[in-house]
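Welcome! Here are a few exercises to work through with the sequence and the 3D view side by side. Try each task before you read its solution.

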Amino acid sequence: MTWVLSVLQVLGILIFVPIIGGLLTGVDRIISARMQSRKGPPLLQPFYDVFKLLKKEATTVNHATGYFVTGSVLFNILTVVLFCMGVDLLLCIFAFTLGCVLFVLAGYSSHSPYSFVGSERELIQIMCYEPMILIMAFGYYRVVESFNVGDAFTQNAPAIVKLPLIFLGLVYVLTIKLRKSPFDLSMSHHGHQEIVKGITTELTGTSLALLEISHWFETVFALGLVYLFFVYSAPFSWAVAAAICLVVFFLEIIIDNGFARVKWKFALTSSWIVIIVTGGANLMYLSLF
């Protein structure tokens, strides 16, 4: 009976997570349009776009590109499934990183100079946010005394009480991972930034659709990391944590539309300064107290 419940739980995650991710993307587009004095698309436009792309044929220069994209999507889905089932946080991060690496390989395999440059920038972005995520996992372990995601619900106080600086550092690097300006370097998420689409230049049809779905899972996982800072044993802490996740997501949208894109050197330098200052100071505090 236990395995039946586990299967149902996985199916529920596979159904509801992309719905949540797609709706968040729709909200992002609407708010961005309002900030730019435009009407913007309907809330469900991301789903319409994905369904339309799924009907188109994917044409690639190298067949390996499709395999890398598919592998990246599968590992991103696996990351969210593991996270929602409350397993080891480090395992989630490793699966997440592998999905990112496969995405970079997809850009390299297309033999396009634009995709190649996008892949180079994507690697730089991984260098920007990955250390902070690992520091967050280590800080989580120091507070919860376990890497299991589900153990956050058994604590007497939320992790944010002891990890405030790590939380601030995580929010900073999530701007990079969510590909929001000023750090949207590898994909040109908005059309006004560059004529070509960076790492996704050679992707079409179903590959682009899978990539968009993968981004929905990435968004949910990123907000899930924020969620861990505020949830604990109190009955309604999950609702407070979910509300704070929405506030953080809204803040990312504001930043995305309020700043011009920076160069990769600034992204790398600033992120590492934030990592050293916030992560280092917070870990030092935990070691002393």
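## Exercise 1: A pair of rings

Y172 has a relative accessible area of 24% and is therefore partly exposed. Keep in mind that the model you are looking at is predicted.

**Task.** Work out how the rings of Y172 and F183 are arranged, and whether F183 is buried or exposed.

**Solution.**
- Step 1. A pair of aromatic rings is described by the distance of the centres and the angle of the planes.
- Step 2. There are nine aromatic pairs by the ring-pair rule. In the pair of Y172 and F183, the ring centres lie 5.6 Å apart and the planes meet at 65 degrees.
- Step 3. Centres within 6.5 Å make a pair, and planes over 60 degrees apart count as edge-to-face, so Y172 and F183 form an edge-to-face pair.
- Step 4. Distant parts of the chain are linked here: Y172 sits in helix α6 (residues 164-177), and F183, eleven residues apart from Y172, is in the loop between α6 and α7.
- Step 5. F183 has a relative accessible area of 4%. Buried means under 20%, so F183 is buried.

For another place to look, find F83, F96 and F221, which ring pairs link into a cluster.

## Exercise 2: Helix α7

**Task.** Check what span the 24 residues of α7 should have, and find how many of them are buried.

**Solution.**
- Step 1. Take 1.5 Å times one less than the number of residues; for the 24 residues of α7 this gives an expected 34 Å.
- Step 2. The end C-alpha atoms of α7 are 35 Å apart, which agrees.
- Step 3. In α7, 20 of the 24 residues are buried, so the helix is largely enclosed by the rest of the structure.

## Exercise 3: Empty space

**Task.** Which helix gives the most to the lining of the second largest pocket, and which gives the most to the lining of the largest cavity?

**Solution.**
- Step 1. The second largest pocket has about 610 Å³ of space. Its lining has 18 residues, and the closest to its centre are I20, C84, V220, G224 and Y227.
- Step 2. Four helices, α1, α3, α7 and α8, each supply at least two lining residues, and α7 gives the most, with five.
- Step 3. By class, this pocket lining has 17 nonpolar residues, one polar and no charged.
- Step 4. Now turn to the largest cavity, with a volume of about 30 Å³. Helix α5 (residues 113-144) gives the most to its lining, with three residues.
- Step 5. Among the residues lining the largest cavity are Y140, Q155 and L228; by class, the lining has nine nonpolar, one polar and no charged residues.

Terms used:
Residues numbered from 1 in each chain as written. Predicted model: local features only at pLDDT ≥ 70, side-chain atom pairs only at ≥ 80, totals over all residues. Heavy atoms only, no water. 1 Å grid on protein atoms, 1.4 Å probe; cavity = no way out; pocket = protein on both sides within 12 Å on 5 of 7 lines; lining within 4 Å. Points joined across faces, edges and corners; volume = space filled by probe spheres on them. Nonpolar A, V, L, I, M, F, W, Y, C, P; charged D, E, K, R; others polar. Buried < 20%, exposed > 50% of the residue type's maximum accessible area, 1.4 Å probe, protein only. Phe/Tyr/Trp six-rings, centres within 6.5 Å; stacked < 30°, edge-to-face > 60°.
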